[in-house]
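Here are my notes on the model you sent over. Please read them alongside the sequence and the coordinates.

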Amino acid sequence: MSADIQSRRKKELIAYLLAAILMIIRVDFWWWDKEMPMVLFGWINVPMLYQFGIWVAGFALVIYVANFIWTD
């Protein structure tokens, strides 16, 4: 295999591992059954911000894979 294909496969493996990690940490069980105060705009709490951060990371990962790994 050429160096380009090996590099691409390594990036692809890293992207898939990051996706698996995001799927696992998305389930934020440490906040279950706990009252969380609203911290932003009076209606957004920390778990909501956490989930939004996970969504942004997943979206960025999809954009990266689509533009840099699945180029053909």
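**Notes on the predicted model**

1. Surface first. The protein chain has an accessible surface of about 6,000 Å², and carbon and sulfur atoms account for 71% of it. Keep in mind that this is a predicted model.

2. Fold elements. The protein chain holds two helices and two strands. Their order along the sequence is α-β-β-α. The radius of gyration is 17 Å, well over the 11 Å that the globule rule gives for 72 residues, so the protein chain is more spread out than a compact globule. The C-alpha trace spans about 55 × 20 × 15 Å along its principal axes.

3. Burial and contacts. Of the 72 residues in the protein chain, 17% are buried. Contacts between residues at least 6 apart in sequence were also examined: 55% of them join residues at least 24 apart.

4. Core. Which residues form the largest nonpolar core? There are six: Ala 15, Leu 22, Ile 54, Leu 61, Val 65 and Ile 69. Helix 1 (3–25) and helix 2 (46–69) are the elements that give two or more residues to this core. Helix 2 gives the most, with four residues. In soluble globular proteins, nonpolar side chains tend to be buried together.

5. Val 65. This core member is worth a look for its contacts. Leaving aside residues up to four places away in sequence, Val 65 touches Ala 15 and Trp 70. Ala 15 is itself in the core list.

6. Ile 25. This residue sits in helix 1. Is Ile 25 buried or partly exposed? Its relative accessible area is 33%, so Ile 25 counts as partly exposed; the cut-off for buried is under 20%. Ile 25 touches Trp 30, Tyr 50 and Ile 54, again without residues up to four places away in sequence. Of these partners, Ile 54 belongs to the largest nonpolar core. Ile 25 and Ala 15 are 10 residues apart along the chain, and their C-alpha atoms are separated by 15 Å.

7. Phe 41. Please check the backbone here. Phe 41 is not a glycine, yet its phi is positive, at about 60 degrees. Where does Phe 41 lie? It is in the loop between strand 1 (38–40) and strand 2 (44–45). Its relative accessibility is 65%, so Phe 41 counts as exposed.

8. Charges. The protein chain carries 6 positive and 6 negative charges. The mean positions of the two sets are 9 Å apart.

Definitions and conventions:
Residues are numbered from 1 along each chain as its sequence is written. This is a predicted model: local features need pLDDT of at least 70, side-chain atom pairs count only at pLDDT 80 or more; totals for chains, interfaces and linings use all residues. Side-chain values use heavy atoms; hydrogens and water are left out. Buried means under 20% relative accessible area, exposed over 50%, partly exposed in between (1.4 Å probe, protein chains only). The radius of gyration is taken over C-alpha atoms; the globule rule is 2.2 Å times the number of residues to the power 0.38. Contact means heavy atoms within 4.5 Å. Accessible areas come from the Shrake-Rupley method with a 1.4 Å probe; for residues, only the protein chains shown count as cover. Lys and Arg count as positive and Asp and Glu as negative; His and the chain ends are not counted. The place of a charge is taken as NZ of Lys, CZ of Arg, CG of Asp or CD of Glu. A nonpolar core is a set of buried Ala, Val, Leu, Ile, Met, Phe, Trp, Tyr and Cys residues joined through side-chain atoms within 4.5 Å.
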